[in-house]
Amino acid sequence: MFKDTKMELAILEAKKAAEREEMPVGALIENRNGEIIALEGNRCRQLNDPTAHAEILAIRKACSVTKQLYLNDFTLYVTLEPCEMCTAAISASRISKVIFGATSTKYGGLKILTKVLSKSDCQKKPEIYGGFYEKEIISLMKNFFADKR
């Protein structure tokens, strides 16, 4: 079985988000040396901010910590396929690699990013990998929403 400590840390952040009554999504950004620069979970309700998705918060933190506008050679781990807003932020931040857990059939935005990046005039094309810890993440999401119904 595939094991990745970074994705496991993102899952822990997703669980913490669920405890805060936030949609359980966690994100982590590592630098080219494998050091964790940012680790965040959704905080939309807590901050009364519809843009406070885990990915956005992680990007903001990584840019602040590194004092860089762009995150070239950085990797984003996220438990759920990023939405369109987060996909645009990933593109704008120039993250080099995206590793996500479960596919989001309802809100996933990476398909759009893939179309945009496939254009020949696009300079920066991040590597995108998905489907890691998918069963565990889907279970976490289902349990979260079952408790809401």
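Which residue just after H4 takes a positive phi? I began my notebook with this question, and I note at the outset that the model I am reading is a predicted one. The residue is Arg94, whose phi is about 65 degrees.

**Entry 1: Arg94 and its surroundings**

I stayed with Arg94 and looked up what its side chain does, and I found that Arg94 lies over the face of Tyr70, at 3.7 Å from the ring centre. I then went back along the chain to helix H4, which covers residues 84-93, and asked myself which of its residues are buried. My list holds Cys86, Thr87, Ala89, Ile90 and Ser93. Looking down the axis of H4, I saw that these buried residues fall within an arc of 160 degrees, so they line one face of the helix. On the face turned away from that buried side, I noted the exposed residues Glu84 and Ala92.

**Entry 2: Other positive phi values**

I next looked up Asn48, which is not a glycine and yet has a positive phi, near 50 degrees. Asn48 sits in the loop that runs between helix H2 (44-47) and helix H3 (54-66). Is Asn48 buried or exposed? I wrote it down as exposed, because its relative accessibility is 71% and the cut-off for that word is over 50%.

Asp73 is another non-glycine residue on my page, with a positive phi of about 65 degrees. I placed Asp73 in the loop between H3 and strand E3, the strand that spans residues 75-80. Its relative accessible area is 43%, so I entered Asp73 as partly exposed.

**Entry 3: The aromatic pair**

How many aromatic pairs does a search of the whole structure find? I recorded one. The partners are Phe144 and Phe145, with ring centres 5.0 Å apart and an angle of 80 degrees between the planes, and I therefore called the pair edge-to-face, since that word applies to planes over 60 degrees apart. I also checked how far each partner is covered: Phe144 counts as buried because its relative accessibility is 9%, whereas Phe145, at 30%, counts as partly exposed.

**Entry 4: The largest pocket**

I met Phe145 again when I turned to the pockets, where it is one of the residues closest to the centre of the largest pocket, together with Met23, Leu80, Thr105 and Met141. The lining of this pocket is made of 14 residues, and I noted a volume of about 400 Å³. Which helix gives the most to this lining? I found that it is helix H6, residues 134-148, with five residues. When I sorted the lining by character, I counted eight nonpolar, three polar and three charged residues.

**Entry 5: The second largest pocket**

For the second largest pocket I wrote down about 340 Å³ of space and a lining of 18 residues. Nearest to its centre I listed Met23, Val25, Asn42, Cys44 and His53; Met23 had already appeared on my list for the largest pocket. H2 and H6 each supply at least two residues of the lining here, and H6 gives the most, with three residues. By character, I sorted this lining into nine nonpolar, three polar and six charged residues.

Note on methods
Residues numbered from 1 in each chain as written. Predicted model: local features only at pLDDT ≥ 70, side-chain atom pairs only at ≥ 80, totals over all residues. Heavy atoms only, no water. Helix = DSSP H or I, 4+ residues; strand = E, 2+ residues; numbered from the N terminus. Buried < 20%, exposed > 50% of the residue type's maximum accessible area, 1.4 Å probe, protein only. Arc of directions from axis to C-beta. Phe/Tyr/Trp six-rings, centres within 6.5 Å; stacked < 30°, edge-to-face > 60°. Lys NZ or Arg CZ within 6 Å of the ring centre and 35° of its normal. 1 Å grid on protein atoms, 1.4 Å probe; cavity = no way out; pocket = protein on both sides within 12 Å on 5 of 7 lines; lining within 4 Å. Points joined across faces, edges and corners; volume = space filled by probe spheres on them. Nonpolar A, V, L, I, M, F, W, Y, C, P; charged D, E, K, R; others polar.
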